[in-house]
Amino acid sequence: MDLSGAQLLVRLLENQGIETVAGIPGGTALPLYDALAESNRIRHVLARHEQGAGFIAQGMARVTGQVQVCIGTSGPGATNLLTAIADARLDSVPLVCITGQVASGAIGTDAFQEVDTYGLSLPITKHNYLVRDAADLPGVVTDAFRIAASGRPGPVWIDIPKDVQTARVPVCCLPEPAVADRVPPLDSDLLEAAARLIELSDRPVLYLGGGVISSGAAAAVTAFAARIGIPAAMTLMGLGAMPADHPLALGMLGMHGARFTNNILREADLLIAVGARFDDRAIGHAARFCPEASVIHIDIDPSELDKIRTATVGIVGAVKTVIEALGPRVPARRRGKWLLRVAALRETMPLLEPDGDDPASPYGLIRTVADCVGDDAVIVTDVGQHQMRVAQAYPFRRPRQWLTSGGLGTMGFGLPAAIGAALAEPGRKVVCFSGDGSLLMNIQEMATAAEEGVDVKVVLMNNQSLGLVQQQQELFYHRRVFAADFRKSPDFLTIARGFGWHAVDLDREARPRAAIGEALRRRGPVLIHCSVDAAEHVLPMVPPGAALTEMIGG
Amino acid sequence: MTSCETVTKDIDIPKATLELSVRNHPGVMSHVCGLFARRAFNVDAIACVPEGDGRQSRIWLMVSDDDRLPQMLRQVEKLEDVLAVVYHGGEHPLFTGLAEYVR
Ligand SMILES: Cc1ncc(C[n+]2csc(CCOP(=O)(O)OP(=O)(O)O)c2C)c(N)n1
């Protein structure tokens, strides 16, 4: 068999089980697009901006846990993809990003639409390739999928010059599809040391991060916590690791965590960090985080151990395997006094959700949506006050129910990620909470959603402001609100309708609760618009650089 | 790929030399140097020569032996093209020899 590099690439993607890719064509990617046109196994979703394509692929990857693919052309196509790929890197999302590049002979000549994609992508990917020979494609593509999925997942970038795409290569057979590398066996001495620390601890707390979700360990960790009786706080990325209504669940820790959560951590004598990386938004001032606690740190990425906080016992391994191996070594022990203390703190320092009963207020909207859609729905957010409120208040009960841009905090993540989630799991409702600032950052993807007919609902909390920025200016910059409030605001309802969406304005609804329910039940893309007050801060809040317990408000 | 470079040298901080075996291709130096630059970890001197059949290269890096080095080592070990890392305490004779050229 004799194929072009582009045809071979498409075969390799098919071989890897890829069914949907998102992208935008352009000159140097045209051979690849021509080959994609011949595929009856891969569906191409045409985004309206490459950043949208990157986040659509992320949405697919975050709900399925599988490696997904986005595609762009050289030059601006590649630079537009960067933000979505950097975002995937920080949140450990497995992607393969494929771009066209100018022909090999033109590289380095400032040719039309030439940028140094290899150099640009290097610091924001797990690994990257510039393919110089079509015969290398089987090895490169297989390695790319393997690397993206192995250990701590992440994005891999493959840049392919146009002449490599058109070159003919003899192909006899395709390689075996890549699978994730095995992880090295666990060290039983370390497991034993960790088990003893837990056994002897009077006030242990679990600190669950996104690694629990990505390693498929949510059920194992919940069972472990329940059997041994250890309360668990979750990071922004870890929400859903333990059901929010589990008696041992402490909700989210960190900058906008509940007071009781952060205070319980302060009193812990043992912190069991599982798939978490001690991010400053989660732990506040590092040296004053859990000041009295020994630390057991479990992570698949060896470079996370001792990076911010030196672990008393550090265990490198897949979280699920480690927890399953650790569980039987730890005897259950009643810690009545500690659990009473936890209950008392929960009681005296609860999370306040102002106006939670009013369905046309931020917390009320979140509650109402949760009541309407149930646990099957996928909940996505953009970045800002709305995101923090959803993280605080939404009753997440399963892993991969919640998609948010945690590490990079990218406004514009929400809509395209929601589209990706809906494409990958068409049976689920997908609800994206957004702010007016964030929605405008990738609003063009409304066209993609309408074209694909995806069942995506955007709940827009419109405060005519970059709310979270305004909040920081009011709290920490002498109330000088600058460049954060919009002096003119677009008519989002008309915009949505113009894109072919159904749109509902809660500001005009006499019965907002019923209107929300009806809008959510409808199939296809719907915008639910609600005006909210920019002066309302998300509270409580740990000022940047302060210790977790030095909270303002709430 | 062959490359030698010596940069500023901070006399006071104790030095270590990292010896890396890497896959030899045009991007590997960027991966290694970029990692150190990104994490604001100074590399005092660097040398690189191809090995045997040219499919692998050997890179020596002279770095400060401070308390951030263990974290840097773990990061280097994560690079896909780095096959092995050997730590040598102190300076390497290789660099003492190279220093002759900048006298
Ligand atoms: C791409 C990008 N640019 C800037 C920021 C900084 N930033 C963080 S939150 C925020 C405001 C978000 O406003 P909006 O989406 O309306 O949400 P709100 O806070 O009002 O709920 C900004 C500008 C960011 N996170 N991402």
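This briefing walks through some features of the structure above, topic by topic. The model is a predicted one, so please read every value as computed from it. Over all chains there are seven aromatic pairs and zero disulfides. In chain A, helix α18 gives the most residues to the shell around the ligand, namely four. Chain B is built from three helices and five strands.

**Aromatic rings**

- A pair of aromatic rings is described by two things, the distance of the centres and the angle of the planes.
- The count of such pairs comes to seven over all chains.
- One of them joins A:Tyr207 and A:Phe278, which meet edge-to-face with 5.1 Å from centre to centre and 85° between the planes.
- A:Tyr207 sits in strand β9 (residues 204-208) of chain A, while A:Phe278 sits in the loop between β12 (270-274) and α12 (280-283), so this pair ties together parts that are 71 residues apart in sequence.
- Are these two rings buried or exposed? A:Tyr207 is buried, with a relative accessible area of 0%, and A:Phe278 is buried as well, at 3%.
- Chain B has an edge-to-face pair too: B:Phe36 and B:Phe41 lie 6.0 Å apart, centre to centre, with 65° between the planes.
- Both B:Phe36 and B:Phe41 are buried.
- Back in chain A, ring pairs link A:Tyr207, A:Phe278 and A:Phe289 into a cluster.

**Cysteines**

- A disulfide is a covalent bond between the sulfur atoms of two cysteines.
- How many disulfides does a search of the whole structure find? The search finds zero over all chains.
- A:Cys97 is in no disulfide, and its nearest cysteine sulfur, that of A:Cys70, is 4.0 Å away.
- A:Cys97 is buried, with a relative accessible area of 0%.
- For A:Cys173, the closest cysteine sulfur is in A:Cys172, at 3.6 Å, which is too far for a bond, because a disulfide needs the two sulfur atoms within 2.5 Å.
- A:Cys173 counts as exposed, at 55% relative accessibility.

**Helix α2 of chain A**

- Helix α2 of chain A covers residues 30-37, and A:Pro31, A:Leu32, A:Tyr33, A:Ala35 and A:Leu36 are buried in it.
- What do the buried residues of α2(A) pack against? Their partners in chain A are the helices α1 (5-15) and α7 (162-166), together with the strands β2 (20-23), β3 (43-46), β4 (68-72) and β5 (95-101).

**Around the ligand**

- There are 17 residues around the ligand, and those that come nearest are A:Gln385, A:Gly409, A:Gly437, A:Ser438 and A:Asn463.
- A polar backbone atom of A:Gly437 is 2.8 Å from an oxygen atom of the ligand.
- A:Gly467 has a backbone N or O atom 2.9 Å from a ligand oxygen, and A:Leu468 has a backbone N or O atom 2.9 Å from a ligand oxygen as well.
- Taken alone, the ligand exposes 590 Å², and the protein buries 77% of that.
- Which elements give two or more residues to the shell around the ligand? They are α16 (385-393), α18 (436-441) and α20 (467-476) of chain A.

**Chain B at a glance**

- Starting from the N terminus, the elements of chain B run β-β-α-β-β-α-β-α.
- Chain B has 103 residues, of which 41% count as buried.
- Among contacts in chain B with a separation of 6 or more, 76% involve residues 24 or more positions apart.
- Chain B exposes about 5,500 Å², and carbon and sulfur atoms supply 53% of this area.

Note on methods
Residues are numbered from 1 along each chain as its sequence is written. Chains are lettered from A and ligands numbered from 1 in the order in which they are written. This is a predicted model: local features need pLDDT of at least 70, side-chain atom pairs count only at pLDDT 80 or more; totals for chains, interfaces and linings use all residues. Side-chain values use heavy atoms; hydrogens and water are left out. Rings of Phe, Tyr and Trp (its six-membered ring) pair if their centres lie within 6.5 Å; planes under 30 degrees apart count as stacked, over 60 as edge-to-face and the rest as tilted. Buried means under 20% relative accessible area, exposed over 50%, partly exposed in between (1.4 Å probe, protein chains only). Contact means heavy atoms within 4.5 Å. A residue is near a molecule or strand if one of its heavy atoms lies within 4 Å of it. A polar contact is a pair of N or O atoms within 3.5 Å; within protein, one must be able to donate a hydrogen and the other to accept it, and residues adjacent in sequence count only if both atoms are side-chain atoms. Accessible areas come from the Shrake-Rupley method with a 1.4 Å probe; for residues, only the protein chains shown count as cover.
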